[in-house]
Amino acid sequence: MWGGEESGALRPAPLASRWPPRPSLPDPVTAGGGSGGGEMAKYLAQIILVGAQVVGRAFMRALRQEFAASRAAADARGRSERPQSAAASRIIGISLQEAQQILNVSNLNPEEIQKNYDHLFKVNDKSVGGSFYLQSKVVRAKERLDEELRIQAKDEKEKGWKAET
């Protein structure tokens with residue numbers, strides 16, 4: 001099996017003399033009647049196309065679900081607040097419930113709101129080691145509650161005019 005043993009160098013024998021012979025694989029370019037690999041490319045393109053369609057459908061389904069959930073959440077927010085109150089929440093950037101939680105008030109009592117605001121504003125002052133971020137949240141909560149009080153006063157005033165007529 002090894003050729004050239006008489007010269008002292010061991011070299012592998014030529015490929016033609018190896019046993020057992022290895023089967024030769026068909027050339028992918030000329031396989032299939034000499035079509036030049038067109039069939040394989042066609043199948044590969046079909047696989048890629050079907051895969052892209054599946055991924056695209058899944059993405060669209062997820063997008064529709066997200067839009068539906070977002071719409072449902074917006075509808076729920078809109079129903080829970082009056083239109084003016086919802087507008088105030090969007091403008092100030094904080095909901096009425098969040099403002100009440102920040103200032104620790106359960107009802108819209110102006111004196112209680114002012115008392116809690118003054119305390120929280122002083123406690124969170126940066127000069128006494130407080131947080132500017134928390135102080136700004138307290139200010140925004142006070143603005144939101146003041147806006148809600150203004151809306152309620154306006155509604156009561158309009159009800160008074162309607163009762164007179």
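## Helix H4, helix H5 and the loop between them

Helix H4 is followed by asparagine 104, whose phi is positive, near 55°. The model described here is predicted.

H4 itself spans residues 96-103, and its buried residues are Leu96, Ala99, Gln100 and Leu103. Viewed along the axis of H4, these buried residues fall within an arc of 100°, so they line one face of the helix.

Asparagine 116 belongs to helix H5, which covers residues 110-123. With neighbours within four places in sequence set aside, the contacts of asparagine 116 are Leu103, Asn104 and Val105. One of these, Leu103, is a buried residue of H4. For Asn104, a polar atom of the asparagine 116 side chain lies 3.1 Å from the backbone oxygen of asparagine 104. The residue with the positive phi after H4 is thus linked in this description to a residue of H5.

Asparagine 109 is placed in the loop between H4 and H5. In space, its C-alpha is 9.6 Å from the C-alpha of leucine 145, and the two residues are 36 residues apart in sequence.

The table sets out the accessibility of asparagine 109 and asparagine 116.

| Residue | Location | Relative accessibility | Class |
|---|---|---|---|
| Asparagine 109 | loop between H4 and H5 | 28% | partly exposed |
| Asparagine 116 | helix H5 | 15% | buried |

Asparagine 116 counts as buried because its 15% relative accessibility is under the 20% limit. Asparagine 109, at 28%, falls between 20% and 50% and is therefore partly exposed.

Terms used:
Residues numbered from 1 in each chain as written. Predicted model: local features only at pLDDT ≥ 70, side-chain atom pairs only at ≥ 80, totals over all residues. Heavy atoms only, no water. Buried < 20%, exposed > 50% of the residue type's maximum accessible area, 1.4 Å probe, protein only. Helix = DSSP H or I, 4+ residues; strand = E, 2+ residues; numbered from the N terminus. Arc of directions from axis to C-beta. Polar contact = N/O pair within 3.5 Å; in protein donor to acceptor, adjacent residues only side chain to side chain. Contact = heavy atoms within 4.5 Å.
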